[in-house]
Amino acid sequence: MGGAERSARKRRQQQSAAARAVTQARGGGGPSRKTIVSVVAVVVLAAVVIGGVIWTNASKNETEGTTITPQTASAALDTADERQGATVVSGKADAKVKLDIWADFLCPYCAQLQQKYGTQIEDQIKAGNVQVTYHMIPLLNNRSDPAGYSLDSANASLCAADQGKFTPFHDSLFASQPEEGKRGYDKAQLIKLGQDLGISAPEFATCVNGGTYNQQLGDALTEVSKAPNFQGTPTVMHNGQVINWTQDGWLTNLVNQAG
């Protein structure tokens, strides 16, 4: 190796050593910098995960500690609601149109039915044109968190029917419907709603807390699930025929056709 080559090699070695010294003085660039970046990334990710969990839990439990807003506009029906087993019959016996409605208080489409046609149905009941048999079934009982809201609310509605308050209780639960997959209302909240609607009898709270009609509701769900024309919730039937409740004017048409 010539002198010129040895001199060039020595310069390269010196430059490399100087570069390493500068890098170390700046405190990064090598494995130590990668470690710091990785630690920061983990901390940020942990913060995001924790924040997401907190937000999710708050969203899931948004009904906790809340009061269900009572709906009293429909409470003045001339014909009292009558509980018959696991159903509630609302309207006069000689009404021209007799409907059966299967619904679940957690069912979003049931809430849509109530929002769009609830007032019309109740007006026709009040006018004596329509009688409705309400079947509040716990079809989505496992779709709340914790599970059980569909059954608790259906039972509570039957307890309210015993006190002559089914319709406003029914309307209130749909007006303040909890989201499917999240927390429903507990028994204390359901009892408070009944009290806010004017139920003062201690039997109501006993009925709600004890699940008085749970067995009948479960049996009703089992029975209707076997029916070939049952289409889940909501199902609306007239004389055993399924009605397309999404079709505009269906209720008025039924009343007009009945003469």
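User: Let's start with the sulfurs. Which cysteines form a disulfide here?

Analyst: The general idea is to look for two cysteine sulfur atoms within 2.5 Å of each other. In this predicted model, Cys159 and Cys207 fit that, with their sulfur atoms 2.0 Å apart.

User: How many disulfides does a search of the whole structure find?

Analyst: Just one disulfide turns up.

User: Where in the chain are the two partners, Cys159 and Cys207?

Analyst: Cys159 sits in helix α4, which covers residues 149–162, while Cys207 belongs to helix α7, residues 202–210. They are 48 residues apart, and the pair links distant parts of the chain.

User: What about handedness? Why is the disulfide of Cys159 and Cys207 called left-handed?

Analyst: For that, check the torsion about the S-S bond. Here that torsion is about -75 degrees, so the disulfide of Cys159 and Cys207 is left-handed.

User: Is Cys159 buried or exposed? And how about Cys207?

Analyst: The trick is to compare the relative accessible area with a cut-off: under 20% means buried. Cys159 comes in at 1%, so it is buried. Cys207 has 7%, so that one is buried too.

User: Can I read Cys107 and Cys110 that way? Are they buried or exposed?

Analyst: Sure. Cys107 has 2% relative accessibility and counts as buried. Cys110, at 3%, counts as buried as well.

User: On to the rings. How many aromatic pairs are there?

Analyst: The count comes to five aromatic pairs. One of them is Tyr149 with Tyr185, whose ring centres lie 6.0 Å apart.

User: Are the rings of Tyr149 and Tyr185 stacked or edge-to-face?

Analyst: Look at the angle between the planes: over 60 degrees counts as edge-to-face. For Tyr149 and Tyr185 the planes are at 65 degrees, so this pair is edge-to-face.

User: Which parts of the chain does the Tyr149 and Tyr185 pair tie together?

Analyst: Tyr149 lies in helix α4, and Tyr185 is in the loop between α5 (166–175) and α6 (187–196), so the pair ties together parts that are 36 residues apart in sequence. Both tyrosines, Tyr149 and Tyr185, are buried.

User: Could we try another? What is the arrangement of Phe169 and Phe204?

Analyst: Phe169 and Phe204 form an edge-to-face pair, 6.2 Å centre to centre, with 75 degrees between the planes. Phe169 is in helix α5 and Phe204 in helix α7, 35 residues apart, so this pair links distant parts of the chain.

User: Are Phe169 and Phe204 buried or exposed?

Analyst: Phe169 is buried, with a relative accessible area of 0%. Phe204 is buried at 2%.

Technical notes:
Residues are numbered from 1 along each chain as its sequence is written. This is a predicted model: local features need pLDDT of at least 70, side-chain atom pairs count only at pLDDT 80 or more; totals for chains, interfaces and linings use all residues. Side-chain values use heavy atoms; hydrogens and water are left out. Helices (H or I, at least four residues) and strands (E, at least two) are DSSP runs, numbered from the N terminus. Buried means under 20% relative accessible area, exposed over 50%, partly exposed in between (1.4 Å probe, protein chains only). Rings of Phe, Tyr and Trp (its six-membered ring) pair if their centres lie within 6.5 Å; planes under 30 degrees apart count as stacked, over 60 as edge-to-face and the rest as tilted.
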